[in-house]
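Biologist: I would like a close look at one part of this protein, the cysteine links, and then a walk outward into whatever surrounds them. Please take it slowly and keep the reasoning visible.

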Amino acid sequence: MRPLRALLALLALLAVVVFLLNTTLLAPAMEGRPLLLAHRGLAQTFPSEGIESDTCTATRIRPPEHAFLENTIASMQAAFAAGADIVEFDVHPTTDGHFIVFHDWTVDCRTNGKGITREKTLAELKALDVGYGYTADGGATFPFRGLGVGLMPTLDEVLAAFPDKRFLIHIKSRDAAEGRLLAARLSRLPQDARRRLTVYGHDAPLTMLHGILPDMRTAARGAIKQCLVRYIALGWSGFVPDDCRNTLLLVPSNYAWVLWGWPNRFLARMREAGTEVYLLGPYDGGDFTTGIDTALDVGRLPEGYSGGIWTNRVHAIAPLVAGQRN
């Protein structure tokens, strides 16, 4: 019986240590309101049910709440004006050496064009109407048709329009060469300008980019996954894996509870490691993850939450978090 009692006592002591290391009750107080990340700027929204990787979301938008189209300079201006701290946008290379800011792999869904985005010249893309395909009533009306001609910006135009703002740049492809091309463009920026940018996407282009520009903050999907898996396995001890350092983490709200020390202890560990955490909406295993987009979503945030929030409706969410401590 003595060995059993000793084992039970050891396990009880370990449980106490794990509790003390991870309880939010003893975590440092988190100051400030949540950081707001506006996904694609101020964009038209749509129901997430049944979304797959090839779904044309422009044909299923909700009745418009505003007049802005995603990934345009006007939508980014509106997002920052509404209270966004950082704006996410998507990039593709053009055939003539530029980067265009546009979400979809093809231009078929949103525009009056056809074909793969990265297989077009800048002039071809600039001639398109980025509001052409949007409809909220199954094609009976197209409220933005004719209003988006020439509004697809380049990366250079976005960075010039917002020299002091923060951005999350999404590389859409798995092509390592695209990471090299983007690194060449970003290398021309002053170091303080690069510090305001984070690049995320698939592993191959992100590994290439980070190898060329090691001072750039990157968030490769494989590294994020490794970070979370290793942290769940070892974070009870306070250990922060290298994959979790100097990056950006996107955490679905329905899985955040599995992270040791969530929320305040976890956020404190990540901040100390140079990493920003952004809370997404619930993930259901499909091809699409929502943001923190409604008052109900905000109401479900942990009390005093001061990490980041990923939202598709920054104009609606910003007023709901504005009253929290700054």
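Modeller: In this predicted model, C56 and C109 are joined by a disulfide, with an S to S distance of 2.0 Å. The link of C56 and C109 is right-handed, with 85° about the S-S bond. Because C56 sits in the loop between β1 (35-39) and α2 (73-82), while C109 sits in the loop between β3 (99-101) and α3 (122-126), the pair ties together parts that are 53 residues apart in sequence. The two ends are not covered to an equal degree: C56 counts as partly exposed, at 21% relative accessibility, whereas C109 is buried, with a relative accessible area of 14%. The cut-off matters for this reading, because buried means under 20% relative accessible area.

A search of the whole structure finds two disulfides, and the other one joins C227 to C244, again with the sulfur atoms 2.0 Å apart. For the link of C227 and C244 the angle about the S-S bond is 105°, and the link is right-handed. C227 belongs to helix α8 (residues 221-234) and C244 to the loop between α8 and β7, so this pair ties together parts that are 17 residues apart in sequence. Here both ends are covered, since C227 is buried with a relative accessible area of 1% and C244 is buried with a relative accessible area of 0%. If the bonded cysteines of the protein chain are numbered in sequence order, the pairing reads 1-2, 3-4.

The loops that hold these cysteines contain other residues worth a look. The loop between β3 and α3, where C109 lies, also contains G113. G113 counts as buried, at 9% relative accessibility, and its C-alpha is 6.4 Å from that of L128, although G113 and L128 are 15 residues apart in sequence. In the loop between β1 and α2, which holds C56, one also finds N71. N71 is not a glycine, yet its phi is positive, at about 60°; N71 counts as buried, at 2% relative accessibility.

N71 leads on to an enclosed space, since N71 is among the residues that line the largest cavity, together with E70, T72, V101, F102, H103, R110, V130, Y134, L151, M152 and P153. This cavity has a volume of about 60 Å³, and the structure holds one cavity of 30 Å³ or more. Sorted by class, its lining has seven nonpolar, three polar and two charged residues.

Returning to the second disulfide, the loop between α8 and β7, which holds C244, is also the place of N246. Phi of N246 is near 55°, a positive value in a residue other than glycine. Unlike the buried C244, N246 is exposed, with a relative accessible area of 52%.

Beyond that loop comes strand β7 (residues 248-252), which is mostly covered, with five of its five residues buried. In a regular strand the side chains alternate between the two faces of the sheet. In β7 both faces are covered, with L248, L250 and P252 buried on one side and L249 and V251 buried on the other. Strand β7 pairs with strand β8 (residues 276-280) in the parallel sense over five bridges, and within this pairing L250 has Y278 of β8 as its bridge partner.

The connection between these two strands runs through a helix: β7, helix α9 (residues 264-272) and β8 make a right-handed β-α-β unit. On the way from β7 to α9, the loop includes P263, and a cis peptide bond joins W262 and P263, with omega about 0°. Helix α9 itself is largely enclosed by the rest of the structure, because seven of its nine residues are buried. These buried residues are N264, R265, F266, L267, A268, R269 and M270. Just after α9, G274 takes a positive phi of about 80°.

Notes. Residues numbered from 1 in each chain as written. Predicted model: local features only at pLDDT ≥ 70, side-chain atom pairs only at ≥ 80, totals over all residues. Heavy atoms only, no water. Buried < 20%, exposed > 50% of the residue type's maximum accessible area, 1.4 Å probe, protein only. Helix = DSSP H or I, 4+ residues; strand = E, 2+ residues; numbered from the N terminus. Pairing = 2+ DSSP bridges. Right-handed = clockwise from strand over helix to strand, strands pointing away. Disulfide = S-S within 2.5 Å. 1 Å grid on protein atoms, 1.4 Å probe; cavity = no way out; pocket = protein on both sides within 12 Å on 5 of 7 lines; lining within 4 Å. Points joined across faces, edges and corners; volume = space filled by probe spheres on them. Nonpolar A, V, L, I, M, F, W, Y, C, P; charged D, E, K, R; others polar.
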